[in-house]
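Open the model in your viewer and keep the sequence panel visible. The stops below go from a sheet to a ligand and then to two pockets.

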Amino acid sequence: MELVKDVPCPFCGTLCDDIIVKVEDNEIIGTINACRIGHSKFMDHKSATRYTKPLIRKNGSLVEVDMDEAIDKTAEILANSKRPLLFGWSSTECEAMGIGVNLAEELKGVIDNTATVCHGPSLLAVQDTGYPVSTLGEVKNRADVVIYWGCNPFHAHPRHIGRHVFSRGFFRNRGRSDRTVIVVDPRKSDTAKLADIHLQVDSGRDYELLDALRSVMNGHEIPYETVAGIPRDTIYQAVDILGKAQFGILFFGMGITMTAGKNRNIDAGICTIQELNQFAKYTLIPMRGHYNVNGFNQVCTWQTGYPFCVDFATGYPRYNPGESGSNDLLQNKEADSMMVVGSDPGAHFPQKALERMAEIPVIAIEPHRTPTTELADIIIPPAFVGVETEGTAYRMDSIPIRMKKLVETDLLSDKEIMEKILERTKEFIASK
Ligand code: SF4
């Protein structure tokens, strides 16, 4: 048996890179350090619902085909579309994403990622207001005040708190007892139960609470008994703690990005952090979900200037979320074909978008059976990044991490599949 050390976990945006994986006879037989979700990602990569051959729907049933036929059909569908949509990308390597952007440009299509339904508002706010960030390492070594707003890492990013907040750091060598944790959440979540202060904000009223915090920070009194369901004295107490910090960090999730106010909530959050820098060093980090959702926003920005919702219809990149987002294109019945890579919109998109997906050709580059593959006309199974193939991924704090190959497989990587699709698509377009 071989013990492979320092393995990054290809599940959530925490990208824990201290996993030890036990490998025997080209099989993963166990892990050390991974949380239960991460452990199951390594152990279940060969589960019963795994696809091992490309499939094409013929007469209503999926039938096995060879890779060349699947690539050919995919390229033909995309090249013959007027408004192809290339969506997903959050659970694959940056190298495949780069080719995906090239493919979208070649097709004069639209490329978008899962941020469109999670941290898209954060990306808009960052462009408007700024991005005062730090790394998770700085949080571990320096932070004495930690705010979790609209997120529940206890369940969604299970090792986030243990590795970066409750652990001992260079300047915080007593670990948990060196830090004050504030959780803002309408629910008494399991993360809130660990907090020193739980601000149980009324659902959808985060913007008001941020405004109240900023008012108090700037020396104003609150004339009301409560704001957004929080007693005035609790807000004063929270500001007192925030103002006395040496290094503070705001982690925020979809509980604030996808509730009333959306990107304006994040604008206010960024302004709060900028203003807190009058008193101490303060930064923020979005709690990114998929392990490489951030990677797509990086790659897409390098290549097009925009992080998501990029439309090449005019031959150059345009960006207009609300018009060029995946849900806009599907619900407005504009998209006439869709390729999904490394994500599962079938499980997460609204009904109207799914109805459109059922009407148009859908190609899924997907290892497992999912709600998306149920709608797909072509399924091409790739190797798992971080398990069966290498690749680059970006952690939630924008640190690039090299994913490891642990076992051999006959399957092509997403990058290799994308290269073949791009090459064949160019041939179809040239022959038209
Ligand atoms: S917290 Fe996330 S990255 Fe870390 S082991 Fe768990 S699932 Fe993997």
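**The sheet**

In this predicted model, begin by selecting the 9 strands that form an open sheet with mixed pairing. Their order across the sheet is S5-S4-S19-S18-S17-S6-S7-S15-S16. Go next to the two edges, where strand S5 (61-64) and strand S16 (318-319) each have a single partner strand, so one side of each is left without a neighbour in the sheet.

Now select residues 110-113, which are strand S7, together with residues 310-311, which are strand S15. The two strands pair in the antiparallel sense over 2 bridges. To see the register, show Val110, which stands opposite Asp311 in S15.

**The ligand shell**

Select the ligand and display the residues around it: Cys9, Phe11, Cys12, Leu15, Cys16, Cys35, Gly38, His157, Pro158 and Arg159. Coloured by class, this shell splits into 7 nonpolar, 2 polar and 1 charged. Which domains each supply at least three residues of the shell? They are domain 1 (2-43) and domain 3 (120-286).

**The largest pocket**

Keep Phe11 on display, since the next stop also involves this residue. The largest pocket has a volume of about 1000 Å³. It is lined by 42 residues, and those closest to its centre are Phe11, Ser91, His290, Ser343 and His348. Phe11 is also one of the residues around the ligand.

Select helix H1 (36-43) and helix H15 (345-348) next; each supplies at least two residues of the lining. H1 gives the largest share, 3 residues. By class, the lining of the largest pocket holds 20 nonpolar, 16 polar and 6 charged residues.

**The second largest pocket**

Move on to the second largest pocket, which contains about 260 Å³ of space. Centre the view on Leu123, Val126, Tyr131, Asn294 and Asn297, the closest to the pocket centre among its 17 lining residues. Then select helix H4 (120-129), strand S14 (281-286) and helix H13 (293-304), the elements that give two or more residues to this lining.

How does the lining of the second largest pocket divide by class, and what are the numbers? There are 8 nonpolar residues, 8 polar and 1 charged. For a last selection, colour domain 2 (55-117 + 291-431) and domain 3 (120-286): the lining of the second largest pocket draws at least three residues from each. Domain 3 (120-286) also gives at least three residues to the shell around the ligand.

Definitions and conventions: Residues are numbered from 1 along each chain as its sequence is written. This is a predicted model: local features need pLDDT of at least 70, side-chain atom pairs count only at pLDDT 80 or more; totals for chains, interfaces and linings use all residues. Side-chain values use heavy atoms; hydrogens and water are left out. A residue is near a molecule or strand if one of its heavy atoms lies within 4 Å of it. Ala, Val, Leu, Ile, Met, Phe, Trp, Tyr, Cys and Pro count as nonpolar, Asp, Glu, Lys and Arg as charged, and the others, Gly among them, as polar. Domain bounds come from an automatic or database domain assignment. On a 1 Å grid over the protein atoms alone, a cavity is a set of points where a 1.4 Å probe fits but cannot get out, and a pocket is an open set with protein on both sides within 12 Å along at least five of seven lines; lining residues have an atom within 4 Å of a point. Grid points are joined across faces, edges and corners, and a volume is the space filled by probe spheres set on the points. Helices (H or I, at least four residues) and strands (E, at least two) are DSSP runs, numbered from the N terminus. Two strands pair if DSSP finds at least two bridges between them.
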